[in-house]
Number of protein chains: 2
Amino acid sequence: MNAEIIAVGSELLTPFRMDTNSLYLTEQLNQLGVEVVFKSVVGDDLRNLVAAAQHALFRSEVVIFSGGLGPTEDDLTREAVAEALGVSLRRDAEMLTHIEQRFAARGWKMSPNNAKQADVLEGATALANANGTAPGQWISGKFDGRERILILLPGPPHELKALFEAECRERLRAKLPPAFIATRVLKVAMLGESHVDARVAPIYKSFADVQTTILAGAGEIQLHFKSRAQTGEAAQARVDAAADAVEEELDDAVFSRNGESLEQILGYWLQMRNTTVAVAESCTGGLLGERITSVSGSSRYFKGGAIVYSNELKTELAGVPADMIERHGAVSREVAAALAEGIRYRCEATLGVGVTGVAGPTGGTPEKPVGLVFHALASDSGTEVIERKFPGDRKRIRLFASTMAMDMVRKKLM
Amino acid sequence: MNAEIIAVGSELLTPFRMDTNSLYLTEQLNQLGVEVVFKSVVGDDLRNLVAAAQHALFRSEVVIFSGGLGPTEDDLTREAVAEALGVSLRRDAEMLTHIEQRFAARGWKMSPNNAKQADVLEGATALANANGTAPGQWISGKFDGRERILILLPGPPHELKALFEAECRERLRAKLPPAFIATRVLKVAMLGESHVDARVAPIYKSFADVQTTILAGAGEIQLHFKSRAQTGEAAQARVDAAADAVEEELDDAVFSRNGESLEQILGYWLQMRNTTVAVAESCTGGLLGERITSVSGSSRYFKGGAIVYSNELKTELAGVPADMIERHGAVSREVAAALAEGIRYRCEATLGVGVTGVAGPTGGTPEKPVGLVFHALASDSGTEVIERKFPGDRKRIRLFASTMAMDMVRKKLM
């Protein structure tokens, strides 16, 4: 079955805003075995909306609108779809009460323009919105002789998601032939995309009934596996077979076997090993600490650390000897090691991490070019330093460096 | 004049990828006075692409395709547009040579499938691509009696941008009535969107020839002003009048008068005042340092600081008395102030910033709920503390807290 998603709103046709609801909806539809074949964005214009609805109903079996269900004159999705279907709108008493109650609960009186949010397409089911005033709508049946499902959802992402989950997913599943789709995501750190693909393409291509997608970010490659079968177990067995074969090839470069983030996996290993970590960051400026603490509960294994942007602070907060900085330069193997060792001692952590480098775009020299970063990991078994020259701009270099540092800790613990 | 943008590629119909080229193209078109009225995404399917091209040519004066110009069987934009226009494709000898030369320059032999990238629509101008093999195409004229401009651009963003700038912008400008568009962006920190809009809507609405858009993020509101006139000066004068009137109302809440980021503005003021800053971060975990150091050259005014996730480190690195933490709790007005003062002293900075709070989702109590954050700024004139209760999830609370802290420093200096 094929679906089409139409995002409504003139703000989505500016340079500043994007429709992100369609990513969520695509994931949900794919899991039900429905493919998305068109996505579009239409402004708050009745004529354009009617045309878009007509085209969509002509060519796609499932049509989902997001947005344009609010109370203002610009909110025209209801009217446009009614015109495209050739049906009228009826004011739904139950939904009107729901909207009035939402206002009353906040001690406000509902202004009259809000009543139009209770207008429902003739033949449609109104879907109560637990997080906002505008209800969703579901209508299915034959239009111009074609069997169609049409869903209207509110634009705010948290309303759309809750409403889809509560009211649409099972309704859709009931309309579809039983299909079980299983997915797996492997994540790999600090290898290049072409290198990874060259190694694993022969493997995943041998699994004909598994669809594999490779996505690359700064320092991270994701391998998405998807398969459809008659039973959930069969679908899962297929993706597991492909993912396991790929994982065997990539070995310990795979940090995540089920889509977890590197930050989560790092926390998992630190807790597993009953270990704590502290960081001394120069070029990353706090990014490494920020990423580690993005995980709730990270205070159990993250002690803290120092942002040592100036040479004096490398000495003052992380105990790096001033003459070492003088002799080797702040961006050096020696200073990285001293940062890791010093912050480990200072913070009484099991592991200490030091990062120093040239994030650019200025500050590079022939010997120490932009992108050069030293990453050090100190433990009771000694200190390891990895030197890398990263490509890209300041943001990308800092992202690479923080990923490299976290991955060193992960490999130490696993 | 109205435009429509069609992004081509099945990968853009997965949950993992978005079309971002259309944001760039929209900005460029708007600056030429062209409004974007539809955006769509179509997969690598000939029938769907032909239908999309036909609809677009019927309803929009400028139609831009991005993607689907590569060498593989999946790259079908050329063929689809040819079919929609009812014209044939000719192999362009000059473009073929260009493609062969790109391969030769890398010491590779061109494989035969690459030749199809030199196929150009009958009547179109091929636009040489300096950053890739696939040329762009430009065709204008009457289709079904309607005057239309059709542009094909390669999908990779850096190729698309370079090609649009080098080959399309002036060609489009020559087709348009002379229009000069000026824009201004004001940014406001730490005020609510509805509060800002209530104060400034009566003002910007009085400038009938200026289009104003309000965008809200965590702790930041952007006001975009746009105006079109017969001369650049007239357009600029209009947006300046509206922006200045709005700025007068919002006063020092406006941190940016021309679109600069808070991080850039903070760096500007710190350098203007010949001042340095150091940070002691608890709940933000490094985010504040990371944001300040996201600006190249920030080592001139940012000394560094401490990430003090544990109570011991608040004492060890920032000199907060242990009994103060015991007495008031780590999340308290007193500890925030002591963090700011301690780190200022320790780092020998002009200004010290301390942040402590409950980022959640766990760790909240009735007295100290999730979202409660204390922000302190210490200077030689004393220490100021601001207490806030932020809404949202962990990420949003940390973003709010870091913005609040930076904005305190800005206000202190301006």
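**Exercise 1. Leaving aside its neighbours within four places in sequence, which residues is A:Leu339 in contact with?**

Before we start: this is a predicted model, where local features need pLDDT of at least 70, side-chain atom pairs count only at pLDDT 80 or more, and totals for chains, interfaces and linings use all residues. Residues are numbered from 1 along each chain as its sequence is written, while chains are lettered from A and ligands numbered from 1 in the order in which they are written.

*Step 1.* Two residues are in contact if their C-beta atoms, placed from the backbone, lie within 7 Å.

*Step 2.* The partners of A:Leu339 are A:Ala280, A:Val308, A:Lys314, A:Ala318, A:Val320, A:Gly354, A:Thr356 and A:Ala376.

**Exercise 2. Find which strand stands opposite A:Ala376, and count the bridges there.**

*Step 1.* Helices (H or I, at least four residues) and strands (E, at least two) are DSSP runs, numbered from the N terminus. Strands pair if DSSP finds at least two bridges between them.

*Step 2.* A:Ala376 stands opposite A:Val385 in E17(A).

*Step 3.* Strand E16 (residues 372-379) of chain A pairs with E17(A) in the antiparallel sense, over 8 bridges.

**Exercise 3. Trace the sheet from edge to edge.**

*Step 1.* Read off the order of the 10 strands in this open sheet of mixed pairing: E17(A)-E16(A)-E15(A)-E13(A)-E14(A)-E14(B)-E13(B)-E15(B)-E16(B)-E17(B).

*Step 2.* Look at the edges: strand E17 (382-389) of chain A and strand E17 (382-389) of chain B each have a single partner strand, so one side of each is left without a neighbour in the sheet.

*Step 3.* Now go to where the chains join. Strand E14 (residues 302-308) of chain A runs antiparallel to E14(B), with 5 bridges between them. Here A:Ala306 stands opposite B:Ala306.

**Exercise 4. Work out how the two copies are related.**

*Step 1.* Superpose chain B on chain A, by least squares on the C-alpha atoms of residues with pLDDT of at least 70 in both. This takes a rotation of 179 degrees with 0.8 Å of shift along its axis, and the RMSD is 0.8 Å.

*Step 2.* The two copies are therefore related as by a two-fold rotation axis.

*Step 3.* Check the surface: 100% of the contact residues of chain B recur in chain A, so the same surface serves both copies.

*Step 4.* Count the contacts: 50 residues of chain B meet 50 residues of chain A.
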